[in-house]
Amino acid sequence: MNDHVPLTHLDLLRFLERVQLGDLERTRRWIADAERRHAEQAEGARRRPPTPDWLLEQGISGRSPVYLHVGVCWSARKRLRPIT
């Protein structure tokens with residue numbers, strides 16, 4: 001036998017309130033996570049060493065210099081040594 005009691009308008013509003021509180025808590029967690037990531041990125045940028053004035057690219061043997069790059073050169077590759 002089904003003893004179903006119909007929900008009142010007040011019951012539905014209380015249910016809606018619980019759902020919205022759950023959504024609000026989740027949104028606040030997302031905000032806190034985003035703020036933490038932003039703070040970590042800012043701290044990483046603050047601690048990053050300064051860009052060197054020049055980069056010396058060495059040959060495969062690691063002994064002879066091959067190229068000299070400006071410190072912010074986009075084409076600089078591996079086997080680099082900073083020169084200030």
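1. Arg79 is partly exposed, with 42% relative accessible area, on a scale where buried means under 20% relative accessible area, exposed means over 50% and partly exposed lies in between (1.4 Å probe, protein chains only). Its salt-bridge partner is Glu57, and the closest N and O atoms of the two are 3.9 Å apart; a salt bridge here is a side-chain nitrogen of Lys or Arg within 4 Å of a carboxyl oxygen of Asp or Glu. Glu57 belongs to strand β1 (residues 54-58) and Arg79 to the loop between β2 (65-70) and β3 (80-83), so the pair ties together parts that are 22 residues apart in sequence. Glu57 itself counts as buried, at 4% relative accessibility.

2. Before going further, a word on the source of these values. This is a predicted model, in which local features need pLDDT of at least 70 and side-chain atom pairs count only at pLDDT 80 or more, while totals for chains, interfaces and linings use all residues. Residues are numbered from 1 along each chain as its sequence is written, and side-chain values use heavy atoms, with hydrogens and water left out.

3. On confidence, pLDDT is the predictor's confidence in each residue, from 0 to 100. The chain has a mean pLDDT of 89, and 96% of its residues reach 70 or more. Among the elements of the chain, the highest mean belongs to α1, at 97, and the lowest to β3, at 83. As a general caution, predicted coordinates should not be read in detail where pLDDT is low.

4. The secondary structure consists of one helix and three strands, and along the sequence these follow the pattern α-β-β-β. Helices (H or I, at least four residues) and strands (E, at least two) are DSSP runs, numbered from the N terminus.

5. As for overall form, the radius of gyration of the chain is 30 Å, whereas a compact globule of 84 residues would have one near 12 Å; the radius is taken over C-alpha atoms, and the globule rule is 2.2 Å times the number of residues to the power 0.38. The C-alpha trace spans about 90 × 30 × 15 Å along its principal axes. Of the 84 residues, 10% count as buried. The accessible surface of the chain is about 7900 Å², and carbon and sulfur atoms account for 58% of that area; such areas come from the Shrake-Rupley method with a 1.4 Å probe, and for residues only the protein chains shown count as cover.

6. Which strand holds Gln58? Gln58 lies in strand β1, and at 17% relative accessibility this residue counts as buried. When neighbours within four places in sequence are left aside, Gln58 is in contact (heavy atoms within 4.5 Å) with Ser64, Pro65, Val66, Arg79 and Arg81. Arg79, the partner of Glu57 in the salt bridge described above, is thus one of the contacts of Gln58 as well.

7. The whole structure contains six salt bridges, and two further examples lie within the helix. Arg36 pairs with Asp33, with the closest N and O atoms 4.0 Å apart; the two are three residues apart in helix α1 (residues 9-47), which means that about one helical turn separates them. Both are partly exposed, Arg36 at 41% and Asp33 at 32%. Together with Glu40, Asp33 and Arg36 are linked in a network of salt bridges.

8. The second helical example is Glu43 with Arg46, whose closest N and O atoms are 2.7 Å apart. These residues are likewise three apart in helix α1, separated by about one helical turn. Glu43 is partly exposed, with a relative accessible area of 28%, whereas Arg46 is exposed, at 58%.

9. Trp54, in strand β1, is partly exposed at 40% relative accessibility. With Leu68, Val70 and Val72, Trp54 forms a nonpolar patch on the surface, with about 420 Å² of accessible area together. Patches are made of residues with over 30% relative accessible area and no salt bridge, like charges being joined within 9 Å and nonpolar side chains (Val, Leu, Ile, Met, Phe, Trp, Tyr) within 5 Å.

10. Gly71 sits in the loop between β2 and β3 and counts as buried, at 13% relative accessibility. Although Gly71 and Trp54 are 17 residues apart in sequence, their C-alpha atoms are 4.4 Å apart in space. Beyond neighbours within four places in sequence, the contacts of Gly71 are Thr51, Pro52, Asp53, Trp54 and Leu55.
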